[in-house]
Amino acid sequence: MKKILFLITGFIISLAFIPNVFALTLKEVSDITGNDTKISGESEVTKIDDKTTKITYKNAEFYYASEETNDAGFRPKENAWIGIKVAYPEGVTDDSYDIYVNGELYEDGGVKKESSYSEWFGINLKRLNEAIENNTKITYRIAFDWDKKDDKEDQVVIIEIDPMSISLYKTQDKSEEVWTPAIALEKKAELDKANKQEDQAKKETEKNQNPNTSDINLLATVGTILVSALCVLYIFKKRFN
């Protein structure tokens with residue numbers, strides 16, 4: 001009997017030293033971009049892997065949202081806004097968590113208000129021009145550290161906006177264009193032309209600083225032939241005169 005009690009006691013004590021494994025069960029990610037900034041077009045929500053979701057916008061039309069403070073928080077003027085909602089994972093019991101955007105700490109200790117996290121991310125003329133200049137897309141990478149442990153990317157949401165295919169207007173009636181695919185093509189053509197001119201100018205500078213070796217070799221060859229001819233002529237004259 002004592003032996004059985006000893007074994008039971010040992011088993012109970014050993015349970016106390018078993019690591020507490022906190023398994024996150026990730027939930028739904030959705031696009032909540034509103035008609036107060038979107039005219040037309042839908043996003044494509046794609047599951048990349050077990051913890052990563054990508055929201056892609058192509059062939060969509062947006063307009064500048066009014067500058068105001070509402071459910072989306074403060075929204076500066078001259079921006080359209082992409083909204084996302086991420087449901088809290090099962091097992092998240094703490095009311096605080098960390099959120100990183102493009103590798104930088106964005107929110108330190110969020111407050112759990114309901115059952116999901118919502119946020120909005122801007123599209124503006126500056127970002128569109130930068131995307132064209134860098135030959136890339138407007139990208140927001142939002143990483144959620146739900147349990148604030150070793151892995152800072154328990155869940156990841158990537159927002160990707162293609163500057164070559166979207167349109168942006170100042171108002172909902174589309175009376176004044178800010179950005180269209182035609183403008184994007186024009187900007188890209190201007191940039192490509194400027195880059196080609198810059199490359200050509202650089203090549204001309206390098207050519208002037210470093211003459212073509214083939215030209216140098218040609219001159220050296222001609223010079224050698226002339227010197228040899230003169231030597232032969234001199235010897236001929238000396239011998240027969």
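**Entry 1: Getting started**

Two strands count as paired if DSSP finds at least two bridges between them. I keep that rule at the top of my page, since my first entries are about strands. I also note that this is a predicted model.

**Entry 2: The open sheet**

I looked up how the strands line up. I found 6 strands in an open sheet, in the order β3-β4-β13-β12-β9-β10, with mixed pairing. Which strands sit at the edges? They are β3, residues 43-47, and β10, residues 104-108, and each of them pairs on one side only. I then checked the angle between neighbours: on average, neighbouring strands in this sheet are turned by 20° against each other, with direction ignored.

Next I zoomed in on the β3 edge. Strand β4 covers residues 52-57, and 5 bridges join β3 to β4. The two strands run antiparallel. To see one position face to face, I picked Lys-47 and found that it stands opposite Thr-53 in β4.

**Entry 3: A second antiparallel pair**

I moved on to β8 and β11. How many bridges join them? I noted 8 bridges, and these strands run antiparallel. Here Lys-85 stands opposite Ser-118 in β11.

Why do I call β11 largely enclosed by the rest of the structure? It is because 7 of its 8 residues are buried. I chose Ser-116, which is found in β11, as a test case. Its relative accessible area is 18%, and because the cut-off for buried is under 20%, Ser-116 counts as buried. Leaving out residues up to four places away in sequence, I listed what Ser-116 touches: Lys-85, Val-86, Ala-87 and Tyr-88.

**Entry 4: Aromatic rings**

A reminder to myself: a pair of aromatic rings is described by the distance of the centres and the angle of the planes. The structure holds 9 aromatic pairs, and I looked at two.

Tyr-88, which I had just met as a contact of Ser-116, pairs with Trp-146. Their centres are 5.6 Å apart with 75° between the planes, and the pair is edge-to-face. What does this pair tie together? Tyr-88 lies in the loop between β8 (80-87) and β9 (98-101), and Trp-146 lies in the loop between β12 (138-145) and β13 (155-161), so the pair ties together parts that are 58 residues apart in sequence. Both Tyr-88 and Trp-146 are buried.

My second pair is Phe-121 with Tyr-140, which is tilted: 5.0 Å from centre to centre, with 40° between the planes. This pair also links distant parts of the chain, with Phe-121 in β11 (residues 116-123) and Tyr-140 in β12, 19 residues apart. Are these two rings buried or exposed? Phe-121 is buried at 5% relative accessible area, and Tyr-140 is buried at 7%.

I also wrote down one aromatic cluster, formed by Tyr-88, Tyr-97, Tyr-117, Phe-144 and Trp-146. The edge-to-face pair of Tyr-88 and Trp-146 belongs to this cluster.

**Entry 5: Salt bridges**

Side chains of opposite charge can pair when their charged atoms come close. I found that the structure holds 9 salt bridges, and I followed three of them.

The side chains of Lys-51 and Asp-151 meet at 3.6 Å, N to O. Lys-51 is in the loop between β3 and β4 and Asp-151 in the loop between β12 and β13, so this salt bridge links parts 100 residues apart. Lys-51 is partly exposed at 28% relative accessibility, and Asp-151 is partly exposed at 37%.

Glu-160 forms a salt bridge with Lys-54, and their closest N and O atoms are 3.6 Å apart. Glu-160 sits in β13 and Lys-54 in β4, 106 residues apart, which again links distant parts of the chain. Glu-160 counts as buried at 16% relative accessibility, whereas Lys-54 is partly exposed at 22%.

Where is the salt bridge between Asp-192 and Lys-188? Both residues lie in helix α3 (residues 181-209), 4 residues apart, about one turn of the helix. The closest N and O atoms of Asp-192 and Lys-188 are 3.6 Å apart. Asp-192 is partly exposed, with a relative accessible area of 35%, and Lys-188 is partly exposed at 28%.

Technical notes: Residues are numbered from 1 along each chain as its sequence is written. This is a predicted model: local features need pLDDT of at least 70, side-chain atom pairs count only at pLDDT 80 or more; totals for chains, interfaces and linings use all residues. Side-chain values use heavy atoms; hydrogens and water are left out. Axes are lines fitted to C-alpha atoms, for helices over the stretch in contact, and angles run from 0 to 180 degrees between N-to-C directions. Rings of Phe, Tyr and Trp (its six-membered ring) pair if their centres lie within 6.5 Å; planes under 30 degrees apart count as stacked, over 60 as edge-to-face and the rest as tilted. Buried means under 20% relative accessible area, exposed over 50%, partly exposed in between (1.4 Å probe, protein chains only). Contact means heavy atoms within 4.5 Å. A salt bridge is a side-chain nitrogen of Lys or Arg within 4 Å of a carboxyl oxygen of Asp or Glu.
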